[in-house]
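Here is a protein model to read together, one question at a time. Keep the sequence and the structure in view.

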Amino acid sequence: MKRIEDFTIIENKAVDQGSFILVAQCASRLENIQPGQFVNMQVPDTQHTFLRRPISICTFNKEKNTIKFYIRKVGNGTEKLSALKVGEKVNMVYPLGNGFDTDSKSPLLIGGGCGIAPLVLLAQTFAQKGVRATILLGAKSGNLLSLKEDFAGIADVYISTDDGSMGEKGLVVNHSLLQKVNTFDKIYTCGPTVMMKAVAKLARENNIPCMVSLENTMACGVGACLCCVTKTHEGHKCVCTEGPVFNALELDEFIDE
Ligand SMILES: Cc1cc2nc3c(=O)[nH]c(=O)nc-3n(C[C@H](O)[C@H](O)[C@H](O)COP(=O)(O)OP(=O)(O)OC[C@H]3O[C@@H](n4cnc5c(N)ncnc54)[C@H](O)[C@@H]3O)c2cc1C
Ligand code: FES
């Protein structure tokens, strides 16, 4: 069930270059959250940033009623969220979206940039089911991969960086791990669209199902404004309610190239 609720900031820590980890606590009991679901977060100073900002749930803790977020500062809204102080309140609508299925025995997770955030909860969920995921992380540089520690002990981690400062040098889709891509029965990806398209192409060529999590610009987050729609083989779908996770084979822009 969707809720609209004030959360209290209990941690706000700058990490990487221009990113921050936000941990927020609600007064009521947190219900189960599916990996890949997100919140629509109200930005302080709504006069200048009226629309809420969609942010993935990185992890959550049902004992403490907390949700952790990993956010990259790209504009006015995320800049203001980065300035939130411990004790301040932020209003959220959550949990939104369909989330990832966990119907895989040998999953490969591929994440880039802030798209790594929802893959943490996905890897944790697999681990709770006794499935050890493999995760391939991509970034411009190793110092932009602060979330990699979150996968320690629950997944096998591989890394690609553009500058070669960590893991293999180059793009994730060129990582040597992918020479044995056929050992995986499903691929889950979230990150820059260009990366997800390359991942989906590789999956398609190898007949592996590929789930992609889209980060289309959103407004209402609940299927009312239609500003987030994406074209699928079954017509237009709202990314906020019918996604953000789609099978890549459904999406016109991932196939028609
Ligand atoms: C389902 C979902 C989950 C998301 N999860 C996260 C997350 O966990 N961490 C995180 O840092 N970000 C996440 N995003 C992206 C985040 O919502 C945007 O970066 C944020 O709304 C930008 O707000 P702003 O006011 O800072 O920037 P704006 O001033 O609105 O925009 C600044 C620049 O960023 C671009 N931009 C805005 N929104 C997006 C977007 N959705 N995707 C790509 N570029 C965008 C604009 O075109 C512009 O160039 C997610 C988006 C979606 C749809
Ligand atoms: S954001 Fe309004 S319909 Fe999806």
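The questions below go through the sheets, the helices, the ligand shell and the backbone.

Reader: What kind of model is this, and how is it numbered?
Author: Residues are numbered from 1 along each chain as its sequence is written, while chains are lettered from A and ligands numbered from 1 in the order in which they are written. Local features need pLDDT of at least 70, side-chain atom pairs count only at pLDDT 80 or more, totals for chains, interfaces and linings use all residues, and the model is predicted.

Reader: Which strands stand at the edges of the open sheet with antiparallel pairing?
Author: This sheet has 7 strands in the order β4-β3-β7-β1-β2-β6-β5. Strands are DSSP runs of E with at least two residues, helices are runs of H or I with at least four, and both are numbered from the N terminus. Two strands pair if DSSP finds at least two bridges between them. An edge strand pairs on one side only, and here these are β4 (53-56) and β5.

Reader: By what angle are neighbouring strands of this sheet turned against each other on average?
Author: Axes are lines fitted to C-alpha atoms, for helices over the stretch in contact, and angles run from 0 to 180 degrees between N-to-C directions. For this average, direction is ignored, and the value is 35°.

Reader: Which residue in β7 stands opposite Glu5?
Author: β1 and β7 pair in the antiparallel sense over 6 bridges. Opposite Glu5 in β7 stands Met92.

Reader: Which strands stand at the edges of the open sheet with mixed pairing?
Author: The order of its 7 strands is β11-β10-β9-β8-β12-β13-β16. An edge strand has a single partner, so one side is left without a neighbour in the sheet; that holds for β11 (168-169) and β16.

Reader: Which residue in β10 stands opposite Leu136?
Author: β9 and β10 run parallel and are joined by 7 bridges. β10 also pairs with β11, in the parallel sense over 2 bridges. In the pairing with β10, Leu136 stands opposite Tyr158.

Reader: Which residue in β16 stands opposite Val212?
Author: Strand β13 (residues 210-213) and β16 run antiparallel, with 3 bridges between them. Opposite Val212 in β16 is Phe246.

Reader: At about what angle does α2 run to β8?
Author: Contact here means that the C-beta atoms of two residues, placed from the backbone, lie within 7 Å. α2 lies across β8 (107-112), β9 (133-139), β10 (155-161), β12 (186-190) and β13. Its direction makes an angle with β8 of about 165°.

Reader: And what angle does α3 make with β13?
Author: Helix α3 (residues 193-205) packs on the sheet and touches β8, β9, β12 and β13. The angle between its direction and that of β13 is about 170°.

Reader: Which residues of α2 are buried?
Author: A residue is buried if 20 or more other C-beta atoms lie within 10 Å of its own, exposed if 12 or fewer, and partly exposed in between; C-beta atoms are placed from the backbone. In α2 the buried residues are Ala117, Pro118, Leu119, Val120, Leu121, Leu122, Ala123 and Phe126.

Reader: Which residues come nearest to ligand 1?
Author: A residue is near a molecule if its C-beta atom, placed from the backbone, lies within 6 Å of it. There are 22 residues around ligand 1. β4, β6 and α1 (76-82) are the elements that give two or more residues to this shell. The nearest are Ser56, Gly75, Gly77, Thr78 and Cys114.

Reader: Why does ligand 1 lie between two domains, and which are they?
Author: Domain bounds come from an automatic or database domain assignment. Two domains give residues to the shell, so ligand 1 lies between them: domain 1 (3-96) and domain 3 (214-257).

Reader: Is Asp16 buried or partly exposed?
Author: Asp16 sits in the loop between β1 (3-15) and β2 (19-26). Its phi is positive, near 50°, in a residue other than glycine. It has 18 C-beta neighbours inside 10 Å, so Asp16 counts as partly exposed.

Reader: Which residue does a cis peptide bond join to Tyr94?
Author: Most peptide bonds are trans. The cis bond at Tyr94 has an omega of about -20°. Its partner is found in strand β7 (residues 89-96), and that partner is Pro95.
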